[in-house]
Amino acid sequence: MKVSPEKIIVFSENNINKNNIFLISGNEETLIKGVEKSLISILKKRGFEVVNRESPKKINVHTGIASPRQLFNETEIKIFDNPQEIDEEYLSSQSFENTAIIIKHATLKNNSKTKLFFDKHEYFISITCYPLNKDKKKFYFDNFINKQSIKIASESYWFFIECSSNIFQIFENEMMKLVGFSEKPITVKEMRLLLSKNENQNFDKLFFLISGNKSNLFIESYNTINSVSDCYILMQRVKFFFEIIVSSNTHEEASTAFPKYLFENRATFILLYKKINKPKTSRALALIKKTEIMLRKNSTLYLPIIQRFLINLQRCFS
């Protein structure tokens, strides 16, 4: 059955009941991580004790989902990252009373057999994660300000909804800045200062440094990237700029599509646009995909992975 990410994160316990098998898919990595974190928290409250993460090519009778620990009535949460094949009938035929299963799959297509199977299943939960739209942001924000008893002027409220990030992790960070900010209703002027344009620009800066030297890339990435979530945010920003590159036929079109608030970086972006061609673009997009897979499989090595990515991406513009 389909359950929206916000209902897992905000109204978690009420939306999974006794369900033990979950599929998290979509293209918004930070929201996928947010849903995973919420599910683990809920399942631990229900008595699931151990969390194990695996990256099997296949999930079937040979995967060993039924852990020997079940013999001693111990419980565990098994997280499977991006399996290539899933035997849906096998999962349906088993009773995993002491095992909760979370399958994360960021490249799963909406019309895939597995996605449709989970969407229609009576008990399995299917959660699809995309960048936030205005309605989703409003849902999260309303819940947040009510829970935190935050006072906010009407015009400031809508300014936040319109100008905050569509990336879940950045959006959540932006909301947290409002906690304890003021006993009086927050004004638009104050809200402008609180929103993280500068945080976005820290990640954007890494992309524009591709036009410079390697040493600066290493230094700035070391100072900016502090978690795997930061890596996902950076990857989203890189993909954003490449969408402009791919969809623009001329540098004039690219300049028009380039965000106005980044006007100081417009010249650098156009220089990068002029340096790249179709073969180089293809290599860059393949590099993005490869890096995302590496981050999912080796999240503890996030910094060297992202630094290697930036250096290799720099070569695509040489």
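Which residues touch the most other members of the largest nonpolar core? Of its 42 residues, they are F207, F242, F269, I306, F309, L313 and F317. A nonpolar core here is a set of buried Ala, Val, Leu, Ile, Met, Phe, Trp, Tyr and Cys residues joined through side-chain atoms within 4.5 Å. Buried means under 20% relative accessible area, exposed over 50%, and partly exposed in between (1.4 Å probe, protein chains only).

Keep in mind that this is a predicted model: local features need pLDDT of at least 70 and side-chain atom pairs count only at pLDDT 80 or more, while totals for chains, interfaces and linings use all residues. Numbering runs from 1 along each chain as its sequence is written, and side-chain values use heavy atoms, with hydrogens and water left out.

**The cores**

Back to that core. The elements giving it two or more residues are α10 (197–208), α12 (228–247), α14 (266–275), α15 (278–297) and α16 (302–316). Helices (H or I, at least four residues) and strands (E, at least two) are DSSP runs, numbered from the N terminus. The top contributor is α12, with 11 residues. Take F242: leaving out residues up to four places away in sequence, it touches F207, I276, T281, A284, L285, I288, L313 and F317. Contact means heavy atoms within 4.5 Å.

There's also a second, separate core of 39 residues, which includes L43, F48, F159 and M191. F159 turns up again among the buried residues of helix α7 (154–163), alongside S156, Y157, F160 and I161. Covering those buried α7 residues are, among others, α6 (134–148), α8 (168–176) and α9 (188–194).

**The sheet**

Five strands make an open sheet in the order β2-β4-β6-β1-β7, with parallel pairing. Its edges are β2 (50–54) and β7, each pairing on one side only. Two strands pair if DSSP finds at least two bridges between them. Between β1 (21–26) and β7 there are five bridges, and one of the partnerships is F22 with I125 in β7.

Two helices to look at here are α3 and α5. Helix α3 (29–45) lies across β1, β2, β4 (76–81), β6 (99–105) and β7, at about 165° to β1. Then α5 packs on the sheet too, touching β1, β6 and β7, with its direction at about 125° to that of β1. Axes are lines fitted to C-alpha atoms, for helices over the stretch in contact, and angles run from 0 to 180 degrees between N-to-C directions.

**Two loops**

S112 sits in the loop between β6 and α5. It counts as buried because its relative accessible area is 17%, and its side chain reaches the backbone oxygen of K109 at 2.9 Å. Y123 is in the loop between α5 (113–120) and β7 (125–129). Its side chain makes a polar contact of 3.4 Å with that of E122. A polar contact is a pair of N or O atoms within 3.5 Å; within protein, one must be able to donate a hydrogen and the other to accept it, and residues adjacent in sequence count only if both atoms are side-chain atoms. Beyond neighbours within four places in sequence, Y123 contacts M1 and N19.

**Cysteines**

With a disulfide taken as a pair of cysteine sulfur atoms within 2.5 Å, the count is zero. Two of the unpaired cysteines:

| Cysteine | Nearest cysteine sulfur | Distance | Relative accessibility |
|---|---|---|---|
| C129 | C231 | 19 Å | 0%, buried |
| C316 | C231 | 18 Å | 6%, buried |
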